[in-house]
Amino acid sequence: MSEPLIRVAGVTVRYGAVTALRDVSIEVNPGEIVAVLGPNGAGKSTLMRTIAGVHKPTAGQVHLAGAPVESGSPERVARRGLRLVPEGRQIFGPMTVEENLRMGSPDSGAALHDQLDRAYERFPILGERRRQAAGTLSGGEQQMLAIARALMAAPRVILYDEPSLGLAPRIVDQIFELIVGLRDEGVTSVVVEQNARRALAMSDRAYLLAAGSVKASGRSAEMAESDIAGHYFGTQR
Ligand code: ATP
């Protein structure tokens with residue numbers, strides 16, 4: 001068995017008196033799409049930010065490709081090939097589409113221009129709007145911009161925190177198709193979703209988080225069949 005790309009082992013994260021994650025262990029193998037499901041407040045965003053090196057675990061470890069992730073240094077984790085597409089996208093609205101994309105790249109000069117060309121090839125709409133303020137884009141276009149920005153540095157793994165939030169079902173389908181297409185190009189993905197049904201349909205494996213702990217995990221197809229997510233969510237949406 002090859003080394004997992006991401007290994008979260010026994011991670012606990014506390015914010016003062018609040019325990020957001022309690023002894024959480026997950027693994028992500030190269031080339032997988034792994035869904036992290038769970039209701040509001042389950043700890044999903046905290047888990048993504050901890051993997052990305054933003055939060056320091058109170059206990060436990062995070063490894064990326066076999067080496068420990070250093071907390072407090074998300075830039076260093078990004079240089080090791082991991083990108084987080086945060087909840088709410090965090091696009092810089094007053095800046096142009098192109099300025100937002102440039103911020104995703106560690107390069108300048110010819111390398112940067114190649115990356116921009118590739119981004120506009122993949123997302124023609126961003127090319128058309130390259131000089132437009134990013135805040136004027138639709139929600140779906142902003143999500144594409146956030147993903148395009150993450151792709152600028154050719155990451156090997158992308159963490160998506162609720163990429164479907166606030167988007168119409170047709171746009172969600174496009175975003176999920178994009179994530180599946182990236183897997184075929186060798187990009188590993190972790191996708192946080194409240195929409196269990198859709199996330200299970202597009203992922204290989206899934207973990208279900210509730211109240212800071214992993215309650216269930218397995219192959220997505222089997223989890224969809226068992227309706228385990230429905231048990232924790234009330235209904236599967
Ligand atoms: P959501 O879907 O609402 O984003 P989530 O599953 O991503 O939820 P988190 O945002 O990780 O959950 O939050 C987990 C718990 O930690 C919640 O109880 C939340 O109130 C708490 N929490 C999150 N961030 C902080 C913070 N900066 N300070 C204190 N408590 C926090």
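Analyst: Two strands count as a pair if DSSP finds at least two bridges between them. Keep in mind that this is a predicted model.

User: Fine, let's use that on β4 and β5. Which residue in their hairpin takes a positive phi?
Analyst: β4 and β5 pair in the antiparallel sense over two bridges, so they meet the requirement of at least two. Leu64 stands opposite Ala67 in β5, and the hairpin has two residues between the strands. The one with a positive phi, near 50°, is Ala65.

User: And in the hairpin of β1 and β2, which residue has the positive phi?
Analyst: Seven bridges join β1 (residues 6-15) to β2, with the strands running antiparallel. Tyr15 stands opposite Val18 in β2, and Val11 has Val24 as its bridge partner there. Two residues sit between these strands, and the one with a positive phi near 55° is Gly16.

User: How many bridges join β1 to β4?
Analyst: You can see some of the register from residue pairs: Val8 stands opposite Val62 in β4, and Ala9 has Gln61 as its bridge partner. The two strands run antiparallel, and the number of bridges joining them is five.

User: Which strands sit at the edges of that four-stranded sheet?
Analyst: It's an open sheet in the order β2-β1-β4-β5, with antiparallel pairing. An edge strand here pairs on one side only, and that picks out β2 and β5 (67-68).

User: What angle does α1 make with β1?
Analyst: α1 lies across three strands of this sheet, namely β1, β2 and β4 (59-64). Relative to β1, the helix runs at about 120°.

User: Now the other sheet. Why is one side of β6 and of β10 left without a neighbour?
Analyst: This open sheet has six strands in the order β6-β7-β8-β3-β9-β10, with mixed pairing. β6 (82-85) and β10 (213-219) stand at its edges, so one side of each lacks a neighbour because each has a single partner strand.

User: What's the average twist there?
Analyst: Stay with the six-stranded order β6-β7-β8-β3-β9-β10. Going from one strand to the next, the twist averages 15°.

User: Which residue of β8 is the bridge partner of Ile33?
Analyst: β3 (residues 33-37) and β8 (residues 188-193) pair in the parallel sense, over five bridges. In β8, the partner of Ile33 is Ser189.

User: Which helix lies across β6 and β7?
Analyst: The helix in question covers residues 139-151 and runs at about 165° to β6. The strand β7 spans 157-161, and the helix lying across both is α6.

User: On to the ligand. What share of its area does the protein bury?
Analyst: Start with the polar contacts: a backbone N or O atom of Gly41 lies 2.8 Å from a ligand oxygen. N or O atoms in the side chains of Glu162 and Gln194 are each 3.2 Å from an oxygen atom of the ligand. Taken alone the ligand exposes 630 Å², and the share the protein buries is 62%.

User: Which element gives the most residues to the shell around the ligand?
Analyst: Two elements give two or more residues each, β2 (18-28) and α1 (44-51). The residues that come nearest are Gly41, Gly43, Lys44, Ser45 and Thr46. With three residues in the shell, the top contributor is α1.

User: And by class, how many charged residues does the shell have?
Analyst: There are 14 residues around the ligand. Five of the shell residues are nonpolar and six are polar, while the charged ones number three.

Methods
Residues numbered from 1 in each chain as written. Predicted model: local features only at pLDDT ≥ 70, side-chain atom pairs only at ≥ 80, totals over all residues. Heavy atoms only, no water. Near = heavy atom within 4 Å. Polar contact = N/O pair within 3.5 Å; in protein donor to acceptor, adjacent residues only side chain to side chain. Areas by Shrake-Rupley, 256 points an atom, 1.4 Å probe, with all protein chains shown as cover. Nonpolar A, V, L, I, M, F, W, Y, C, P; charged D, E, K, R; others polar. Axes fitted to C-alpha atoms, helices over the stretch in contact; angles between N-to-C directions. Contact = heavy atoms within 4.5 Å.
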